Amino acid sequence: MAAAAAATSTASAPSSSFPSTCRARARVGARPSLVSLRVRAANPATVNVTTASDPAPVFQSVTAFAPATVANLGPGFDFLGCAVADASLSLGDTVTATLDPTLPPATVSIASVTSPSRPHLADRLSKDPLRNCAGVAAIAALRALGVRSHAVSIHLTKGLPLGSGLGSSAASAAAAAKAVDALFGSRLARDDLVLAGLESEKAVSGFHADNIAPAILGGFVLVRSYDPFHLVPLCSPPALRLHFVLVTPDFEAPTSKMRAALPKQVDVHQHVRNSSQAAALVAAVLQGDAGLIGSAMSSDSIVEPTRAPLIPGMAAVKAAALQAGALGCTISGAGPTAVAVIEGEEKGEEVARRMVDAFWSAGKLKATATVAQLDTLGARVIATSSLD
């Protein structure tokens with residue numbers, strides 16, 4: 001049986017090799033594979049625990065999908081992001097949460113991890129719910145809901161590669177939080193659902209919500225602050241036909257390595273310039289100005305210049321995208337995926353081809369390309385099973 005984790009805790013947890021945001025200890029009297037979780041908040045924004053409630057489930061199982069995300073969007077480092085998806089919903093992760101009476105109450109178990117398009121990927125992901133993004137988020141959601149009488153097993157299907165800059169960990173966390181919440185009647189407020197996913201993000205890449213917020217809410221999202229926690233969804237005019245050319249080379253860029261490359265100090269002139277570009281990007285999204293969106297995305301002078309040299313061929317890929325007619329191009333998240341924006345999808349194939357060729361000619365990296373559109377729904381339920 002896969003390891004299970006409890007959604008609540010009554011005692012402090014000792015140190016372990018897992019990141020300090022998620023510590024585990026053996027529950028007294030429990031089977032060795034069962035552990036109790038205390039989520040230790042290093043930041044003021046934490047999930048609200050509804051201790052007075054013990055909600056009854058409304059479904060036997062729920063399947064939820066969460067899309068890929070593009071974080072930073074150039075100058076919006078750690079505070080801007082958007083959700084992207086394709087028509088087949090292959091650009092994202094899927095989680096099925098099922099009531100499991102064989103587990104102790106208030107616990108989560110990961111029953112399976114699969115990756116149809118990348119079979120080897122499943123072997124790299126732990127089934128320990130304290131060491132899996134979907135598991136941590138599911139635990140946080142149960143905890144926020146105040147569930148004490150039921151246990152949940154989850155099945156994770158990975159559609160996104162690891163370390164790609166497309167919000168792989170956020171997609172798993174968002175789908176898990178959404179599925180667990182829906183299992184018990186979709187009781188969580190928007191911010192608490194995001195914060196449940198953020199518990200997982202803290203353990204993987206640090207306390208920033210520019211992936212998890214759009215993965216759950218959809219569209220463009222501005223993370224205004226964490227204390228107090230404040231998200232600002234950015235609504236574009238319906239006429240905006242924004243598409244994204246996502247080109248992922250056969251190369252992993254671990255978030256920890258890419259964050260370590262960031263400058264420790266920033267010149268005040270660079271700060272002013274980047275701030276103005278980020279403000280222009282927000283204005284462009286609200287106004288539906290695709291050209292300005294692309295121009296502002298391409299104008300990061302702080303983060304992209306330090307990360308691009310770590311991705312073989314990235315500078316040539318950006319140049320190729322712009323020459324092929326893209327409105328803008330930058331690194332998606334921490335990379336190595338390059339993201340170009342176009343209005344409409346007519347130029348998508350040509351821009352994608354030129355970017356793939358540039359990764360090979362300049363970086364000797366094979367790459368795959370996907371033309372996606374802005375996903376305005378975010379994490380959503382795609383299937384349910386009724387209670388017996």
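**Loops, cores and empty spaces**

Visitor: Is K364 buried or exposed?

Guide: K364 counts as exposed, at 56% relative accessibility, where exposed means over 50% relative accessible area, buried under 20% and partly exposed in between, computed with a 1.4 Å probe on protein chains only. This is a predicted model, in which local features need pLDDT of at least 70 and side-chain atom pairs count only at pLDDT 80 or more, while totals for chains, interfaces and linings use all residues. Residues are numbered from 1 along each chain as its sequence is written, and side-chain values use heavy atoms, with hydrogens and water left out.

Visitor: Fine, and where does K364 sit?

Guide: K364 belongs to the loop between α11 (348-363) and β14 (367-374), with helices (H or I, at least four residues) and strands (E, at least two) taken as DSSP runs and numbered from the N terminus. Although K364 is not a glycine, its phi is positive, about 55°.

Visitor: Which residue in the loop between β4 and β5 should I look at?

Guide: L73 is found there, between β4 (61-71) and β5 (80-85), and although L73 is not a glycine, its phi is positive at about 55°. L73 counts as buried, at 1% relative accessibility.

Visitor: What about β4 itself, what does T63 touch?

Guide: T63 lies in strand β4 and is buried, with a relative accessible area of 15%. Leaving aside neighbours within four places in sequence, T63 is in contact (heavy atoms within 4.5 Å) with T94, V95, T96, R380, V381, I382 and A383.

Visitor: Changing topic: which peptide bond to P228 is cis?

Guide: The bond from D227 to P228 is cis, with omega near 5°, and P228 is in the loop between β9 (220-226) and β10 (229-234). A cis peptide bond also joins G335 and P336, with omega about 10°, and P336 is placed in the loop between β12 (328-331) and β13 (338-343).

Visitor: How many residues are in the largest nonpolar core?

Guide: The largest nonpolar core has 55 residues, and I154 and I212 have the most contacts inside it; such a core is a set of buried Ala, Val, Leu, Ile, Met, Phe, Trp, Tyr and Cys residues joined through side-chain atoms within 4.5 Å. Helix α3 (residues 168-183) gives the most to this core, with 10 residues. Apart from neighbours within four places in sequence, I212 is in contact with A170, A173, A174, V194, G197, L198 and E201. A second, separate core of 29 residues includes L80, V84, L91 and A290.

Visitor: And α10, which residues are buried there?

Guide: In helix α10 (residues 314-323), M314, V317, K318, A320 and A321 are buried. These residues lie on the same side of α10, because they cover an arc of only 165° around the axis, the arc being that of the directions from the helix axis to the C-beta atoms.

Visitor: What covers that side, and what's on the other face?

Guide: The cover over the buried residues of α10 includes α9, β12, β13 and α11, while the face turned away from the buried side carries the exposed residues A315 and Q323. G325, whose phi is positive, near 110°, follows α10.

Visitor: How many cavities of 30 Å³ or more are there?

Guide: The structure holds one cavity of 30 Å³ or more, and about 50 Å³ of space lies in the largest cavity. On a 1 Å grid over the protein atoms alone, a cavity is a set of points where a 1.4 Å probe fits but cannot get out, and a pocket is an open set with protein on both sides within 12 Å along at least five of seven lines; lining residues have an atom within 4 Å of a point. Grid points are joined across faces, edges and corners, and a volume is the space filled by probe spheres set on the points.

Visitor: Which residues line the largest cavity?

Guide: The lining consists of N72, G74, D300, V303, E304, R307, T330, I331 and G333, with α9 (304-307) and β12 as the elements that give two or more residues.

Visitor: And the second largest pocket, what volume does it have?

Guide: Its volume is about 530 Å³. The second largest pocket is lined by 25 residues, of which R118, P161, T248, P249 and T368 lie nearest its centre, and β14 gives the most to that lining, with four residues.
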